[in-house]
Structure formats: structure tokens, C-alpha cells
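Open the model in your viewer and set it to a cartoon drawing. The stops below say what to select and what is there.

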Amino acid sequence: MEEITEGVNAINLAAGGDSYKKNRIQVSNTKKPLFFYVNLAKRYMQQHNEVELSALGMAIATVVTVAEILKNNGLAVEKKILTSTVDMKDDSRGRPIQKAKIEIVLGKTENFDELMAAAAEEREAAEAEEQS
């Protein structure tokens, strides 16, 4: 999991512009499966009490889905949602284009720690059952 965190940190540093935040996850459309981001967001909320999910263009749907999964499971509450457009250079044509951007800040619910502990217990029980 450390290499995942390092990868996300490298993405954050490469993006520039915005100030560096340890609890920001920049979601890509193609690189990782949906539940990679769900599980990473859970880990970030354990460490920092909140997580900021950020995406551009087509990856916005993934960010919204991740946020909804966390909310529907009782793990997160919305704190802030920001939308904007970002000027980027189109590599294929060399001219500037605008891309939609979303940032969703989620905080832990009051029973986040209880739910995470219960999920860990269920996993341990399932693993013990498999071994016997």
C-alpha cells in the first residue's frame, strides 16, 4: 500500500498549481479500478479524518461514484463540492482546451471507526474459516 501512497503523492507533485495536500486523491479514468479509490479513500480518512477526491473530464463520474459508495456505506459525509474548468494544452493539436474539474471533500462519519473495525473483524473471521 505504501507504493500506492507514493504514486498518489507523485501525481500530486507533478500536477503543480494547487498546493500539495497529503489527503488528496487525484482520480484517473483508466489507471486503477473503482474500488482501489474507495479503499484508498477509506485509508486516507483513517489517517487524516477527511479526504479530498479530485478529477478532470471523464474521470469526474468515477469520483462521484466513489463518494456515493462511501456515503451509502455510512463511512463519509460531504463537506464541500467544488466545480471549475481548467485550461490545458491539447497535446495532439497544440492548442489550449478547457476541461471540467471537480473536487469533493469527504469527512468521517461519527461511526466510521466502528464500521471499519466491524469490516476488519468480518475479514478476519472469513480468513480463519478458509484456513480450517
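Begin by selecting Ile25 and Leu53: Leu53, in strand E2, is the bridge partner of Ile25. Keep in mind throughout that this is a predicted model.

**The whole chain**

Zoom out before going further. The protein chain contains four helices and four strands. Followed along the sequence, they come in the pattern α-β-α-β-α-β-β-α. Of the 132 residues in the protein chain, 32% are buried. Contacts also link parts of the chain that are apart in sequence: of those between residues at least 6 apart, 66% join residues at least 24 apart.

**The sheet**

Now select the four strands together. They form an open sheet with mixed pairing, in the order E1-E2-E4-E3. Which strands stand at the edges? They are E1 (24-26) and E3, each with a single partner strand, so one side of each has no neighbour in the sheet. From one strand to the next, the twist averages 20°.

Strands of a sheet pair through backbone hydrogen bonds, and the pairing is either parallel or antiparallel. Go through the pairs one at a time:

- E1 and E2 run parallel and are joined by three bridges.
- E2 and E4 run antiparallel, with seven bridges between them. To see one of these partnerships, select Leu56 and its bridge partner in E4, Lys101.
- E3 and E4 are also antiparallel, and 13 bridges join them. Here, select Asp87 with its bridge partner in E4, Gln98.

**The hairpin and Ile97**

Follow the chain from E3 into E4. The two strands form a hairpin with six residues between them, and Gly94 in the turn has a positive phi of about 75°.

Next select Ile97, which is in strand E4. Is Ile97 buried, partly exposed or exposed? Its relative accessibility is 28%, so Ile97 counts as partly exposed; the buried class is for values under 20%. Apart from neighbours within four places in sequence, Ile97 is in contact with Val86, Asp87, Met88 and Asp90. For a distance check, pick the C-alpha atoms of Ile97 and Thr85: they are 9.8 Å apart in space, and the two residues are 12 apart in sequence.

**Helix H2**

Select residues 34-48, which are helix H2. H2 lies across E1, E2, E3 and E4, and runs at about 140° to E2. The helix has 15 residues and reaches 21 Å from its first C-alpha to its last, close to the 21 Å expected at 1.5 Å a residue. Show the side chains of its buried residues: Phe36, Tyr37, Val38, Leu40, Ala41, Lys42, Tyr44 and Met45. An α-helix has 3.6 residues a turn, so residues three or four places apart point the same way.

Stay in H2 and zoom in on two of its buried residues, Phe36 and Tyr37. The structure holds one aromatic pair. Phe36 and Tyr37 form this pair, which is edge-to-face, with 5.2 Å from centre to centre and 80° between the planes. Phe36 has a relative accessibility of 16% and therefore counts as buried. Tyr37 is buried too, with a relative accessible area of 4%. Now add Lys32 to the view: Lys32 lies over the face of Phe36, 5.3 Å from the ring centre.

Move to the end of the helix. Just after H2, Asn49 takes a positive phi of about 70°.

**Helix H3**

Select residues 60-72 for helix H3, which has 13 residues. From its first C-alpha to its last, H3 reaches 18 Å, close to the 18 Å expected at 1.5 Å a residue. H3 lies across E2, E3 and E4, at about 10° to E4.

Which residues of H3 are buried? Colour Ile60, Thr62, Val63, Val66, Ala67, Ile69 and Leu70 to see them. What do these buried residues pack against? Their partners are helix H2, strand E2 (50-56), strand E3 (76-89) and strand E4 (96-108).

End the tour at Gly74, which follows H3 and has a positive phi, near 75°.

Technical notes: Residues numbered from 1 in each chain as written. Heavy atoms only, no water. Phe/Tyr/Trp six-rings, centres within 6.5 Å; stacked < 30°, edge-to-face > 60°. Buried < 20%, exposed > 50% of the residue type's maximum accessible area, 1.4 Å probe, protein only. Lys NZ or Arg CZ within 6 Å of the ring centre and 35° of its normal. Expected span 1.5 Å × (residues − 1). Contact = heavy atoms within 4.5 Å. Pairing = 2+ DSSP bridges. Axes fitted to C-alpha atoms, helices over the stretch in contact; angles between N-to-C directions.
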